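Please open the model in a viewer and follow the stops below in order. Each stop names a selection and then describes what is found there.

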Amino acid sequence: MKNYETVIGLEVHVELATKTKIFCSCSTEFGGAPNTHTCPVCTGMPGSLPVLNKQVVEYAMAVGLATNCTITQHCKFDRKNYFYPDNPQNYQISQLYEPICRNGYVEIKTEDGTEKKVRIHEIHMEEDAGKLIHDDFNDASLVDLNRSGVPLIEIVSEPDMRSAEEVIAYLEKLRLIIQYLGASDCKLNEGSMRADVNLSVREEGAEEFGTRTEMKNLNSFKSIARAIENERNRQIDLLESGEEVLQETRRWDDTKEYSYPMRSKEDAQDYRYFPDPDLTPIDISDEWMEEVKAKEPEFRDEKMARYISEFDLPEYDADIITLYKPLADLFEETVALGNKPKEVSNWIMGETMRLCKEESVDPDQVSVSAENLSKLIKMIEDSTINRGAAKEVFEAMFKEDVDPEMYVEEHNMKQDNDEEGLKEIIKKVIEENPKAADDVRNGKEKAIGALVGQTMKATQGKANPGLVNKLIKELL
């Protein structure tokens, strides 16, 4: 069998975090009853006219500047004509001839640790289509136009990636840049970040690209990686058996781990693009561009370096925390409330990540507030509760965002710091565990653990473990 090289380019669609749609004032909020976030403009009613949302241009510009693109200072919108049931106008307003951003790149780390530039061909603005809801029981499809007109940017890469690992590294880098900018939440599970994979294979050493296919319906990094591996193998099998790879759009079924053809792949001329007659061109001044550039936040790499130098965090902690902007925000806000950076980091790295794994929650979705985490840490420091109880309280905060002080009161979890009362309990524990007591007297330090454990059990976990330890040593 010959050796093959995989060639991959991506089209990444990102829903922007504006409050209203790109050409009307309807809400962009996710969810809502079907067809309630709609008006004559986003439902394509005759005679309705689009009005451009300025914030969409600023978000697109911000992403372009952060990904080293050249901004097209005179750009315009075009109509992309196609019929589909969830496309109410029978055309989509997009940008073909003069996209807002061109010729950028992001740097990723490859599997062997080296830096690699993935070039960005262009970034253009466009409107999202609606959504079809398939009703198998009634053998019908229903149209929900809440998503119609939600602003998108499409980030089109050059075919510079060679493996699923490089694709995921590129997507993670893009997601972090966009999240840190506040331009989108990039939730793959809600469709606010979606990737179409253009993939071909060629013999190693060949200069010409093979025939590419486009794969849609990819809504998680894991499904993207599986789809790439599957499509690579499918194309190699076709070539090895002397068959041709057809240029087509395929839909990936992640449950069956199988892709099937949807339609032949269209070219630009199939969409009959022409300049949109209802929208004037956009002129971006140098001053406007500088304003957007000046609002750039501290990005992940800078933030990570600062956490290590300013807060003396281990590199591993800084790497994990800054990988998710909500966690970085939680860390900084909790430290700003007067808590020790390493203590805050320990709660994020330990209990937060553990519960994310156990509850199958994406770290991007963690809703613990800095105020509540700060309260919890202070209750441990002033011995109101012990660490065992604190873990139980934190789990309630993680799942229901409860106030830790109220939770401790309601569940009678305050730590027992009464020395005289504890001494009586410990004396009884020593009487009931003579061997462990003798071991401690004979210098076996580890044996004290059994006595501490029995005391904690007798106090239903409310005793102060440090105080219990101290009192056992005094009594023995």
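Two strands are taken to pair if DSSP finds at least two bridges between them. Helices (H or I, at least four residues) and strands (E, at least two) are DSSP runs, numbered from the N terminus. The model is predicted: local features need pLDDT of at least 70, side-chain atom pairs count only at pLDDT 80 or more, and totals for chains, interfaces and linings use all residues. Residues are numbered from 1 along each chain as its sequence is written, and side-chain values use heavy atoms, with hydrogens and water left out.

**First stop: the sheet of 9 strands**

Select strand E7 (residues 115-127) and strand E10 (residues 151-157); they run antiparallel and are joined by 7 bridges. Within this pairing, Met125 has Ile153 of E10 as its bridge partner. Now extend the selection to the open sheet, whose strand order is E2-E6-E7-E10-E1-E11-E12-E13-E14, with mixed pairing. Its edge strands, each pairing on one side only, are E2 (70-71) and E14 (258-264).

Add helix H2 (residues 164-181), which packs on the sheet and touches E1, E6, E7, E10 and E11; contact here means heavy atoms within 4.5 Å. The direction of H2 makes about 115° with that of E6, where axes are lines fitted to C-alpha atoms, for helices over the stretch in contact, and angles run from 0 to 180 degrees between N-to-C directions. Helix H3 (residues 221-240) also packs on the sheet, touching E1, E11, E12, E13 and E14, and its direction makes about 25° with that of E11.

**Second stop: the sheet of 3 strands**

Select E5, E4 and E15, which in that order form an open sheet with antiparallel pairing. The edge strands are E5 (91-94) and E15 (274-275). E4 and E5 are joined by 4 bridges, and Asn81 has Tyr91 of E5 as its bridge partner.

**Third stop: two helices**

Display helix H6 (residues 315-322) with helix H8 (residues 341-358): the two pack at an angle of about 60°, their axes 11 Å apart. H6 is therefore oblique to H8, given that angles under 35 degrees count as roughly parallel, over 145 as roughly antiparallel, 65 to 115 as roughly perpendicular and the rest as oblique. Show the side chains of the contact: Tyr316, Asp317, Ile320 and Ile321 belong to H6, while Lys342, Ser345, Ile348, Met349 and Met353 belong to H8.
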